[in-house]
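Reader: Hello! I am new to this structure, and I would love a close look at a single part of it. Could you take me to the largest pocket and then show me how the rest of the chain is arranged around that picture?

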Amino acid sequence: MSKWFAPGEDQKVLRVITYQSLVTIAVAIMFLGLGSNEIWSSIFGGMIAVVNSLLLARSVNNAGMAASEQKTAKGALMLVKGVLVRFTLVLLSFYIGIVYLDLNALEILVAFALAQLGYIFYRTESIY
């Protein structure tokens with residue numbers, strides 16, 4: 001991952017991603033305990049959140065590098081582009097998971113939401 005992030009940042013990103021993955025697994029186990037027949041819906045929802053966090057970290061890192069090169073307009077454009085890409089990815093992933101893969105929508109949404117909350121609670125001050 002070091003080619004995507006600034007030196008030292010890749011370990012912080014990896015910790016957040018690991019925490020989100022653990023939350024996703026816990027949600028999948030919780031749904032199994034509540035009588036769900038499979039865990040794939042929860043895993044899918046959690047992985048959407050993980051990919052979203054990776055893309056966020058990458059776009060913030062790229063914008064920071066552009067800003068450090070005194071290209072503020074380019075940095076702002078990279079942030080806007082990153083938001084649009086992540087928003088589109090999340091919506092398309094929900095659509096594919098619910099419509100084409102016929103996964104349980106509630107499990108996808110709950111796993112996604114809790115993994116996103118995991119990101120909010122576990123991120124550090126110096127990470128995106």
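Author: Happy to! One definition comes before the pocket: Ala, Val, Leu, Ile, Met, Phe, Trp, Tyr, Cys and Pro count as nonpolar, Asp, Glu, Lys and Arg count as charged, and the others, Gly among them, count as polar. Sorted in this way, the lining of the largest pocket holds three nonpolar, three polar and three charged residues. Please keep in mind that this is a predicted model.

Now for the pocket itself. The space in the largest pocket comes to about 190 Å³. Here is the general idea behind such a search: a probe the size of a water molecule, rolled over the atoms, shows where empty space is left. The residues that line the largest pocket are Leu55, Arg58, Ser59, Asn62, Met78, Lys81, Gly82, Val85 and Arg86. You can match them to the classes above: Leu55, Met78 and Val85 are nonpolar, Ser59, Asn62 and Gly82 are polar, and Arg58, Lys81 and Arg86 are charged.

Which helices do these residues come from? Helix α2, residues 40-68, and helix α3, residues 72-100, each give at least two residues to the lining. Helix α3 has the largest share, with five residues.

To place those helices, step back to the whole chain. It has four helices and zero strands, and the order along the sequence reads α-α-α-α. Of the 128 residues in the chain, 36% are buried. About 7,700 Å² of the chain is exposed, and carbon and sulfur atoms supply 69% of that area. Among contacts with a separation of 6 or more, 71% join residues that are 24 or more positions apart.

Helix α2 also gives us a link to the start of the chain. Ala57 lies in helix α2. Its relative accessibility is 4%, so Ala57 counts as buried. Along the sequence Ala57 and Val13 are 44 residues apart, yet their C-alpha atoms are 7.3 Å apart in space.

Let us move to helix α1, which covers residues 9-33 and includes Thr24. Thr24 has a relative accessibility of 1%, which means that it is buried, since the cut-off is under 20%. The side chain of Thr24 reaches the backbone oxygen of Gln20 at 2.9 Å. Beyond its neighbours within four places in sequence, Thr24 is in contact with Ser42, Ile43, Gly46, Met47 and Ala115.

Leu32 belongs to helix α1 too. Leu32 is partly exposed because its relative accessibility is 39%. With neighbours within four places in sequence set aside, Leu32 is in contact with Asn37, Glu38 and Ile39. Leu32 and Ser42 are ten residues apart in sequence, and 9.8 Å separates their C-alpha atoms.

Next comes the loop between α1 and α2, where you will find Ser36. Ser36 has a relative accessible area of 18%, so Ser36 is buried. Apart from neighbours within four places in sequence, Ser36 is in contact with Phe31 and Glu107. Ser36 and Glu107 are 71 residues apart along the chain, with 9.2 Å between their C-alpha atoms.

That brings us to the end of the chain. Helix α4 contains Gln116. Not counting residues up to four places away in sequence, Gln116 touches Gln20, Ala49, Asn52 and Ser53. Gln116 and Val23 lie 93 residues apart in sequence, while their C-alpha atoms are 9.4 Å apart.

One last stop is the loop between α3 and α4, with α4 covering residues 105-122; Asp102 is found in this loop. Most residues other than glycine have a negative phi. Asp102 is not a glycine, but it has a positive phi of about 55 degrees. With a relative accessibility of 64%, Asp102 counts as exposed, because the cut-off for that is over 50%.

To return to your pocket: when you look at the model again, start from helices α2 and α3, which each supply at least two residues of the lining, and then follow the contacts of Thr24 with residues such as Ser42 and Ala115. Enjoy exploring!

How values were computed
Residues are numbered from 1 along each chain as its sequence is written. This is a predicted model: local features need pLDDT of at least 70, side-chain atom pairs count only at pLDDT 80 or more; totals for chains, interfaces and linings use all residues. Side-chain values use heavy atoms; hydrogens and water are left out. Buried means under 20% relative accessible area, exposed over 50%, partly exposed in between (1.4 Å probe, protein chains only). Contact means heavy atoms within 4.5 Å. Accessible areas come from the Shrake-Rupley method with a 1.4 Å probe; for residues, only the protein chains shown count as cover. A polar contact is a pair of N or O atoms within 3.5 Å; within protein, one must be able to donate a hydrogen and the other to accept it, and residues adjacent in sequence count only if both atoms are side-chain atoms. On a 1 Å grid over the protein atoms alone, a cavity is a set of points where a 1.4 Å probe fits but cannot get out, and a pocket is an open set with protein on both sides within 12 Å along at least five of seven lines; lining residues have an atom within 4 Å of a point. Grid points are joined across faces, edges and corners, and a volume is the space filled by probe spheres set on the points.
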